[in-house]
Amino acid sequence: VEECIKNNLIYEEKNNHNVVFVGYDKNKKARYAFCRATNDIRFMKDSQGSDKTYTFRLTSNSKNNRVHLFESAIDLLSYATLMKQKNLDYHKENMISLAGVFKPSEHIENIKLPTAITNFLEENANINEIYLHLDNDEVGRKASESLVQILSKKYKVYDRPAPLGKDCNDYLKYIIQSRNFNKNTKERVR
């Protein structure tokens, strides 16, 4: 999070203290902003004039051939944190928030890919692997199914939802709670 703040990828909204996730185009011009409440109120919205072609993302400076897709910026950051905890360098990965998914059409020919994906793939012809980390709910699973069907015609596509919980953020919270429980248990045993 501190790294994202330093790089102007996230900031705190002055009036309501919401977190704002920013997406940039290839010329480093801010083109997308998504606000989310930091309290118990469920508030989420795209800022007026946002272009979902440039959703929140962390991209690699190297020419790696993978991209990881997430429903939300929070899940993306949670996944990066999980990688960091495993001593893996998330800086080497391309990670894109889709800023939500929709229940796909029953007819595959009517499904339109999110512009964030199509734009990124057009600008990064080296990509040949796509990892889907969408939610473990009905909409997320159906969206993953549809994306696998569409994208696997040209790319290797891997459906990798969180192993536990609804999403990557739930899984990260589970891992942290488990570690804290184990740490507290060990301290009590001493």
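**A pocket, a cavity and a helix**

The lining of the largest pocket is made up of 18 nonpolar, 18 polar and 12 charged residues, and the model in which this pocket is found is a predicted one. The pocket holds about 1,400 Å³ of space, and of the 48 residues that line it, those closest to its centre are Cys-4, Leu-9, Arg-57, Leu-58 and Thr-59. Several elements share in this lining, for at least two residues each are supplied by helix H1 (2–6), strand S1 (10–12), strand S2 (19–24), strand S5 (57–58), helix H2 (73–85), helix H3 and helix H5 (168–189). The largest share comes from H2, which gives six residues to the lining.

From the open pocket we can turn to enclosed space, of which the structure holds one cavity of 30 Å³ or more. The largest cavity has a volume of about 80 Å³, and among the 11 residues that line it, Phe-102, Ile-111, Pro-114, Ala-143 and Leu-147 are the closest to its centre. Its lining divides into nine nonpolar residues, one polar and one charged.

Ala-143 and Leu-147 also lead to helix H4, where both are among the buried residues. H4 covers residues 138–151, and its 14 residues reach 20 Å from the first C-alpha to the last, close to the 20 Å expected at 1.5 Å a residue. Besides those two, Gly-140, Ser-144, Ser-146, Ile-150 and Leu-151 are buried in H4. An α-helix has 3.6 residues a turn, so residues three or four places apart point the same way. The buried residues of H4 pack against helix H3 (115–123), strand S8 (129–133) and strand S9 (156–159), and H3 is also one of the elements that supply at least two residues to the lining of the largest pocket.

Conventions:
Residues are numbered from 1 along each chain as its sequence is written. This is a predicted model: local features need pLDDT of at least 70, side-chain atom pairs count only at pLDDT 80 or more; totals for chains, interfaces and linings use all residues. Side-chain values use heavy atoms; hydrogens and water are left out. On a 1 Å grid over the protein atoms alone, a cavity is a set of points where a 1.4 Å probe fits but cannot get out, and a pocket is an open set with protein on both sides within 12 Å along at least five of seven lines; lining residues have an atom within 4 Å of a point. Grid points are joined across faces, edges and corners, and a volume is the space filled by probe spheres set on the points. Ala, Val, Leu, Ile, Met, Phe, Trp, Tyr, Cys and Pro count as nonpolar, Asp, Glu, Lys and Arg as charged, and the others, Gly among them, as polar. Helices (H or I, at least four residues) and strands (E, at least two) are DSSP runs, numbered from the N terminus. The expected span of a helix is 1.5 Å times one less than its number of residues. Buried means under 20% relative accessible area, exposed over 50%, partly exposed in between (1.4 Å probe, protein chains only). Contact means heavy atoms within 4.5 Å.
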